[in-house]
Amino acid sequence: MNDERDPRPGDGSGAEAGSWDGYGDGTRSVHAGLPAPEPGQPFLPGPVFAAPYHLDPQAGPAASPNGYGRPDNPTRRALEAAIGELEGGDCLAFSSGQAAISALLLAVLRPGDGVVLPTDGYFPVRAFATETLAQLGVRVQFAPTAGPYPSFEGVRLLLLETPANPGLDVCDVAELAERAHASGALVAVDNTTATPLGQRPLDLGADLVVASGTKALTGHSDLLLGYLATRSAELLDLLRSWRATTGSVPGAFDAWLAHRSLATLDLRLARQSANAAAVAAALSQRADVTGLRWPGLVDDPAYPVVSRQMRRVPGVLSFDLGDADRVTRFLRASRLVFAATSFGGLHTSADRRAQWGDDTSDGFVRLSCGVEDGADLVADITAALDASA
Ligand SMILES: Cc1ncc(COP(=O)(O)O)c(C=O)c1O
């Protein structure tokens, strides 16, 4: 944990339990952001629902960490302490991943600045760049996640997304951060698919992490969340005041649910990854499934970078079933695979990305493995593929 952390306590009243550096992932997930034990108090304090708070009649807002709900909420601060602990930086929570990403892009970029974004990343980010940033006079360039990358001369921000959603290509964050920094560019990494237990971009040299907490981080398919994390006090200040003035904060109940869900992150990721390994092994035997990608497969093009950069492999796979009708038949035949977008949740789900306007073939499917029993999942998916062939 670094020295620039917001000194205000996670629960707004007592001391935080301190850093969990050096502990295992399960311990860190369970304890991150909790206040120090106090007799008679809950482990995770309940959500604080407040717009205004009582003020000291004379000293006003200076007398308390809580004055008004947009900048100040103790439930949100506890969640930020937890995510910051896992990412290894200071965290700011936003109302969604898109809110966090657009905050980063708008707060950092000025007319004339260059930005490099992934061609194969989350497509609303590309749309935001071409529709909004370009109109503001930002020079928008795209590069495939697996490279090649352009020169970073004149680039203010390099945004990487690794593994990229939905194609699951990866890039070497440390190498690109070194190149980008040599040209004076900032580097941000979208850590949505990996989560901070899968990869720690700040340790790899990135200046910022940006992510959707809607996916595996919270994993229960019941809330939207985004966050930014950094070790730079200057960037933290800039982004904190951007958020306070533009207002895209998560509500107290969502922040509390997210913090509660974080406790099982290690367990959920372990099961999702094991299930993905079993499903990938089954799919790789089938001639009627093409273009299979799972970064944990030894012969996947992403594997060499993944094996040295990532701490664990996400439970998300992609493959092609040829056409939209076959995908429909597959989804109808399966009992365990929910037809749904998003990924990283407890329930296995599959999404035909082209139906949302993503730049993928008609039969392209992103499959997100949940925490069901692996044998049940493999049997169900195999039967549904046989029935839909
Ligand atoms: C990689 C990635 N980044 C950002 C987002 C946006 O997150 P949200 O849906 O929470 O706004 C998503 C959503 O799917 C995503 O997959």
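**Sheet pairing, ligand site and backbone geometry of the predicted model**

Strands E11 (residues 349-352) and E12 (residues 364-368) pair in the antiparallel sense over four bridges, where pairing requires at least two DSSP bridges between two strands. Helices (H or I, at least four residues) and strands (E, at least two) are DSSP runs numbered from the N terminus. The model is predicted, so that local features need pLDDT of at least 70 and side-chain atom pairs count only at pLDDT 80 or more, whereas totals for chains, interfaces and linings use all residues. Residues are numbered from 1 along each chain as its sequence is written, and side-chain values use heavy atoms, with hydrogens and water left out.

Within the E11-E12 pair, Ser349 stands opposite Ser368 of E12. The open sheet is formed by five strands in the order E8-E9-E12-E11-E10, with mixed pairing. Strand E8 (290-293) and strand E10 (338-339) stand at the edges; each has a single partner strand, so one side of each lacks a neighbour in the sheet.

The ligand is surrounded by 14 residues, of which Gln98, Asn165, Asp190, Ser212 and Thr214 are the closest; a residue is near the ligand if one of its heavy atoms lies within 4 Å of it. By class, this shell has four nonpolar, seven polar and three charged residues, with Ala, Val, Leu, Ile, Met, Phe, Trp, Tyr, Cys and Pro counted as nonpolar, Asp, Glu, Lys and Arg as charged, and the others, Gly among them, as polar. Helix H3 (residues 97-108) supplies the largest share of the shell, three residues.

Polar contacts to the ligand (pairs of N or O atoms within 3.5 Å) include one between a polar side-chain atom of Asp190 and a ligand nitrogen atom, at 2.7 Å. Ligand oxygen atoms are involved in a contact of 2.8 Å with a polar side-chain atom of Ser212 and in one of 2.8 Å with a polar backbone atom of Gln98. The protein covers 93% of the 390 Å² of accessible area that the ligand has on its own, as computed by the Shrake-Rupley method with a 1.4 Å probe.

Most residues other than glycine have a negative phi, and most peptide bonds are trans. A cis peptide bond nevertheless joins Gly147 and Pro148, with omega about 0°; Pro148 lies in the loop between strand E3 (139-143) and strand E4 (155-161). Another cis peptide bond joins Asn165 and Pro166, with omega about 10°. Pro166 is placed in the loop between E4 and helix H5 (173-182). Leu168, found in the loop between E4 and H5, has a positive phi of about 70° although it is not a glycine.

Methods. Polar contact = N/O pair within 3.5 Å; in protein donor to acceptor, adjacent residues only side chain to side chain.
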